[in-house]
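Notebook entry. I went through the strands first, then the helices, then the rings.

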Amino acid sequence: MNISKASFDDLAEILELQHLAYKSEAALFGRDDIQPLTETIDELIEEYNEGFVLKMVAEDGRIIGSIRAREENGSVYIGKLMVHPDYQRQGHGTRLIQEIEKCFPGRRYELFTSTRSVKNIRLYEANGYKIFDQRPEDGEIVFVYLEKEN
């Protein structure tokens, strides 16, 4: 699997992967209106223009993973880590996290997930992230904020 910076031409395929990969997250909440599933191509283009997007490409040329980050006020905010469902639990999420951190060396990294996303919390903690805050959102979701200092 090759990891590299995504190009503008990759964005439609990344959005398609995002919509597929985040269905399991939606199932945790019993609803499919979570932001990664409702994001439009225009919103993704805005994220692309404001930050950094990596892609993971399989041997057959398909994008099977992606991660995004942006830097603000000395912190790097990491988001939308995704791996195609057929390729999960093979270490690809860890590789994507490590590669995005290399794009912003020596910074403070921050990301979030929900308390229901236990496998994601374990992944982030295994990569050196520590929980520093939890905040309820819309009455049923509790977001967990994790950080890593380098």
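For the hairpins I first fix what pairing means: two strands pair if DSSP finds at least two bridges between them. The model is a predicted one.

I looked up the hairpin of strand 3 and strand 4. Two residues stand between the strands, and Asn-73 takes a positive phi near 50 degrees there. Seven bridges join strand 3 to strand 4 (residues 75–83), and the two run antiparallel. I noted two of the facing residues: Ser-66 has Met-82 as its bridge partner in strand 4, and Glu-71 stands opposite Val-76.

I then turned to the other side of strand 3. Strand 2 (residues 52–57) is joined to strand 3 by six bridges, again in an antiparallel run. Phe-52 has Ala-69 of strand 3 as its bridge partner. The hairpin here has five residues between the strands, with Gly-61 at a positive phi near 95 degrees. I also checked the cover of strand 3 (residues 63–72): seven of its 10 residues are buried.

Next I asked in what order the strands of the sheet lie. The order is 1-2-3-4-5-7-6, in an open sheet of seven strands with mixed pairing. Strand 1 (2–5) and strand 6 (130–137) are the edge strands, each pairing on one side only. From one strand to the next the twist averages 25 degrees.

I looked for helices on the sheet. Helix 5 (residues 92–103) lies across strand 1, strand 2, strand 3, strand 4, strand 5 (108–114) and strand 7 (141–149), and it runs at about 145 degrees to strand 2. Helix 6 (residues 118–126) also packs on the sheet, where it touches strand 4, strand 5, strand 6 and strand 7. The direction of helix 6 makes about 165 degrees with that of strand 5.

Last, the rings. I found six aromatic pairs in the structure. One of them is Tyr-124 with Tyr-129: the ring centres are 6.3 Å apart and the planes stand at 65 degrees, so I entered the pair as edge-to-face. Are these two tyrosines buried or exposed? Tyr-124 has a relative accessible area of 8% and is buried; Tyr-129, at 1%, counts as buried too.

Phe-112, Phe-132, Phe-143 and Tyr-145 make up one aromatic cluster. I checked this cluster for charges over its rings. Arg-108 lies over the face of Phe-132, 5.3 Å from the ring centre. Over the ring of Tyr-145 sits the charged end of Arg-135, at 4.3 Å from the centre.

Definitions and conventions
Residues numbered from 1 in each chain as written. Predicted model: local features only at pLDDT ≥ 70, side-chain atom pairs only at ≥ 80, totals over all residues. Heavy atoms only, no water. Phe/Tyr/Trp six-rings, centres within 6.5 Å; stacked < 30°, edge-to-face > 60°. Buried < 20%, exposed > 50% of the residue type's maximum accessible area, 1.4 Å probe, protein only. Lys NZ or Arg CZ within 6 Å of the ring centre and 35° of its normal. Helix = DSSP H or I, 4+ residues; strand = E, 2+ residues; numbered from the N terminus. Axes fitted to C-alpha atoms, helices over the stretch in contact; angles between N-to-C directions. Contact = heavy atoms within 4.5 Å.
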